[in-house]
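Here is a short tour of one model, starting with the empty space inside. Have the structure open while you read.

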Amino acid sequence: MEALSFQSLLQLPSALRTSSYVEKEQPKNTVAKNLDERLHSPTAKRLPRRLLLQFMGFCPVLSHPVFAAPMPEMKEPQVIRTLKLPSGVRIQEIVEGQGSAANEGDLVEINYVCRRTNGYFVHSTVDQFSGESTPVILPLDEKQIIAGLKEVLVGMRIGGKRRALIPPYVGYINENLKPIPEEFGPRRSLLSHVNEPLIFEVQLLKVL
């Protein structure tokens, strides 16, 4: 069989070309077809969208119903307001009373607890173990009671409760000022701390 010239091979129909040439062409067509199907499949469309959302900072975990549920509203804790008087006395309103207000010159009946600033107990009208109280009656006159405590009591309403830090210069400047325990031991304990600030927690029981 005579060999065909190069020009004659180019003019032959594709069906008459060598089988090796067809076998080489077929895999390329199949790969191209599969690639085209994958590029146009729904899975291929989801992938760019997912990548785009991640690029924009979207986190798929946060879209889950458990993680996306709204947080319950958090109530801020109640803050006890502190009032600083010109004398240096600091007052915290613990409980606002409902009855009449105490005025300067009134006689008042109170319960109180006196502590040092480090929290150590000094004296109280309420027994720490039994809870029984022995209220005291005081005139709202700074010549008879410590000036700082008078400032705390003036304006309080019956049933009210206040906590106060009383500096020593408006505290027990002499041993005759009330409130002071009658028993020797508690009296001595109290007078041993008169040169330091004291904390009084006072409850107004009555205005007489």
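## The cavity

The structure holds one cavity of 30 Å³ or more. A cavity here is a set of points, on a 1 Å grid over the protein atoms alone, where a 1.4 Å probe fits but cannot get out, and its lining residues have an atom within 4 Å of a point. Grid points are joined across faces, edges and corners, and a volume is the space filled by probe spheres set on the points. By that reckoning, about 50 Å³ lies in the largest cavity.

What lines the largest cavity? Its walls come from Ile146, Ile166, Pro167, Pro168, Gly171, Tyr172, Val194, Glu196, Leu198 and Phe200. Sorted by class, that is eight nonpolar, one polar and one charged. The classes work like this: Ala, Val, Leu, Ile, Met, Phe, Trp, Tyr, Cys and Pro are nonpolar, Asp, Glu, Lys and Arg are charged, and the others, Gly among them, are polar.

## What kind of model this is

This is a predicted model, where local features need pLDDT of at least 70, side-chain atom pairs count only at pLDDT 80 or more, and totals for chains, interfaces and linings use all residues. Residues are numbered from 1 along each chain as its sequence is written, and side-chain values use heavy atoms, with hydrogens and water left out.

## The chain as a whole

The chain has six helices and seven strands, which are DSSP runs numbered from the N terminus (helices are H or I with at least four residues, strands E with at least two). Reading from the N terminus, the order is α-α-α-α-β-β-β-β-β-α-β-α-β.

Of the 208 residues, 24% are buried; buried means under 20% relative accessible area, exposed over 50%, and partly exposed in between (1.4 Å probe, protein chains only). A contact means heavy atoms within 4.5 Å. Among contacts with a separation of 6 or more, 71% join residues 24 or more positions apart.

## Two pockets

A pocket is an open set of grid points with protein on both sides within 12 Å along at least five of seven lines. The largest pocket has a volume of about 320 Å³. It is lined by 17 residues, and the closest to its centre are His123, Val136, Ile180, Pro181 and Glu182. Strand 4 (121-124) and strand 5 (136-139) each supply at least two lining residues, with strand 5 giving the most, at three. The lining splits into eight nonpolar, five polar and four charged residues.

The second largest pocket comes in at about 190 Å³. It has 10 lining residues, with Leu83, Leu85, Ile91, Glu93 and Arg162 nearest its centre. Strand 1 (82-84) and strand 2 (90-95) are the elements that give two or more residues to this lining, and strand 2 gives the most, with three. Here the split is four nonpolar, two polar and four charged.

## A pair of rings and a hairpin

There is one aromatic pair in the structure. Rings of Phe, Tyr and Trp (its six-membered ring) pair if their centres lie within 6.5 Å; planes under 30 degrees apart count as stacked, over 60 as edge-to-face and the rest as tilted. The rings of Tyr112 and Phe200 have centres 5.7 Å apart and planes at 40 degrees, so this pair is tilted. Tyr112 sits in strand 3 (residues 107-116) and Phe200 in strand 7 (residues 198-207), so the pair ties together parts 88 residues apart in sequence. Both Tyr112 and Phe200 are buried.

Strand 3 also pairs with strand 4, antiparallel over three bridges (strands pair if DSSP finds at least two bridges between them). One of the bridges joins Val113 to Ser124 in strand 4. The two strands form a hairpin with four residues between them, and Gly119 in the turn has a positive phi of about 95 degrees.

## Loop residues worth a click

His193 is in the loop between helix 6 (184-191) and strand 7. It is buried, at 15% relative accessible area, and touches Arg116, Val122 and Leu198, leaving aside residues up to four places away in sequence.

Gly105, in the loop between strand 2 and strand 3, is exposed at 58%. Its C-alpha atom is 6.3 Å from that of Pro139, 34 residues apart along the chain. Finally, Pro179 is in the loop between strand 6 (161-166) and helix 6, and the peptide bond from Lys178 to Pro179 is cis, with omega near 0 degrees.
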